[in-house]
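Here is a briefing on one protein model. Open the structure and keep it beside the text.

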Amino acid sequence: MQDGEIIIERRGIAGLVRLNRPRALNSLTLPMIRTIAEALHGFAGDDQVAAVVITGEGERGLCAGGDIRALHESARAGDGLAASFWREEFRLNHQIASYPKPYVALMDGITMGGGVGLSSHGRHRIVTERTRLAMPETGIGYVPDVGATWLLPKASGEAGTWLGLTGLDIGAADAIHAGLADVQIASSRLGEVIDVLSALPRGSASGDVDAVLQALSEPAGESRLSQNAAMIDRAFRFDTVEEILAALAGEEGDFAAETRRVMLTRSPTSLKLALTLLRAGRRSASLAECLGRELGACLQMLDNPDFFEGIRAAVIDKDRNPQWSPASVEAVGAATVERFLKPAEPPLEL
């Protein structure tokens, strides 16, 4: 089945889901989310399918996230599309996390935001030498979503806090270190991955898929996050953004200086809200709990000036010079953060 933006096919025992918007870095639209969810449901009930593989067309990436221009336009128009997008995207993230069959994500190239939601909740996560993974939301006046507040707190030490607040992109070794991916396989061998998985015997299970991926894998190399783990853990252990920034200012080295410099360019409101959500995720009992909390915050984003300003600066005017309001972390009061923690109405149904 092909609807233009998504290609669904079966090859041997593998169900294939191919995102097909290469010119838009395979960014997600609501129809794409619905098509993927329907395909996964169908594959789950198909006895001929033993595993599902998701990949992106083109050579630039799996998925750059949600189509933020469309979300911006929806929020401006007040037409409800943005709210529907988030609700259905989060349901899809939960569907992937609880999928009954091996789910294999080929995280080649750009894998950001919603692309992380499509992949890192899966059982088998493959990165390549071209992978650039990020949760870049604080840079557009938004917050890490798609269940990131469940995934990132589970990363080694405070690596997830670093990822969620800075929004900086990382490579394959860092993604594995952070628990967002499992193995590195050369991009030139991804076609072979699909071929071998497709040829597995019917009834193959997760262990069989693991064996294939391990056989094709290669060393991921040095992780920059691992190399700087002690500093990251020292600076990001605090529960306020102000304390984290102060700790970074007291650290030596280019990595700490660059981390602090980048954070000071992010939306102050987003930084404080992201840290609040990440700490709440650390205390949460389930992905569902985190997704529900994230949805409440997302719906409040529709009235957040930084959300509109961040997208304007990033993808509309492209001046890369957002004017945040409030302009400093110190000016963001507790009441400002608290309003984003209002539960979604109606609650997220999973």
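In which helix is S270 found? S270 belongs to helix α14, which covers residues 268–282. The model is predicted. The points below go through single sites, cysteines, strands, cores and backbone geometry.

**S270 in helix α14**

- S270 is buried, at a relative accessible area of 1%.
- Its side chain reaches the backbone oxygen of Y142 at 2.8 Å.
- Y142 is also one of the residues that S270 touches beyond four places in sequence. The others in that list are T138, G141 and V143.

**H124 in strand β7**

- H124 lies in β7, a strand of residues 124–127.
- Is H124 buried or exposed? H124 is buried, with 1% relative accessible area.
- The side chains of H124 and S206 are joined by a polar contact of 3.0 Å.
- With neighbours within four places in sequence left aside, H124 has contacts with P102, Y103, V104 and A105 among them.
- The list for H124 also includes D182, S206, V209, D210 and L213.

**Cysteines**

- How many disulfides does the structure hold? The count is 0.
- C63 is in no disulfide. The nearest cysteine sulfur to C63 belongs to C298 and is 15 Å away.
- Why does C298 not bond to its closest cysteine? The closest cysteine sulfur is in C290, and it is 13 Å from the sulfur of C298, so the pair is too far apart for a bond. The cut-off for a disulfide is two cysteine sulfur atoms within 2.5 Å.
- C63 is buried, at 0% relative accessible area.
- C298 counts as buried too, with 0% relative accessibility.

**The β1 and β2 hairpin**

- Strand β1 spans residues 6–11 and strand β2 spans residues 14–19.
- The two strands run antiparallel, and 6 bridges join them.
- Which residue of β2 is the bridge partner of I6? The partner is L19.
- The hairpin has 2 residues between its strands. G12 takes a positive phi there, near 60°.

**The β4-β6-β8 sheet**

- 3 strands form an open sheet. Their order is β4-β6-β8, and the pairing is parallel.
- Which strands are at the edges? They are β4 (61–63) and β8 (132–134), and each pairs on one side only.
- From one strand to the next, the twist averages 15°.
- β4 is joined to β6 (residues 110–112) by 2 bridges, and these strands run parallel.
- C63 stands opposite T111, a residue of β6.

**Nonpolar cores**

- The largest nonpolar core has 94 residues.
- Which residues touch the most other members of this core? They are L19 and W86.
- Helix α15, residues 287–301, gives the core its largest share, with 8 residues.
- A second core is separate and has 20 residues. Its members include L16, I126, V183 and V193.
- In soluble globular proteins, nonpolar side chains tend to be buried together.

**Cis peptide bonds**

- S325 and P326 are joined by a cis peptide bond, with omega at about 0°.
- P326 is found in the loop between α16 (305–316) and α17 (334–338).
- The peptide bond from E345 to P346 is cis as well. Omega is near -5°.
- Where is P346 found? P346 sits in the segment after α17.

**Positive phi outside glycine**

- N26 is a residue other than glycine with a positive phi, near 60°.
- N26 has its place in the loop between β2 and α1 (30–44).
- N26 counts as buried, at 0% relative accessibility.
- K318 is also a residue other than glycine with a positive phi. The value is near 55°.
- K318 is found in the loop between α16 and α17.
- Is K318 buried or exposed? K318 counts as exposed, because its relative accessibility is 54%. Exposed means over 50%.

Notes:
Residues numbered from 1 in each chain as written. Predicted model: local features only at pLDDT ≥ 70, side-chain atom pairs only at ≥ 80, totals over all residues. Heavy atoms only, no water. Helix = DSSP H or I, 4+ residues; strand = E, 2+ residues; numbered from the N terminus. Buried < 20%, exposed > 50% of the residue type's maximum accessible area, 1.4 Å probe, protein only. Polar contact = N/O pair within 3.5 Å; in protein donor to acceptor, adjacent residues only side chain to side chain. Contact = heavy atoms within 4.5 Å. Pairing = 2+ DSSP bridges. Core = buried A, V, L, I, M, F, W, Y, C linked by side-chain atoms within 4.5 Å. Axes fitted to C-alpha atoms, helices over the stretch in contact; angles between N-to-C directions.
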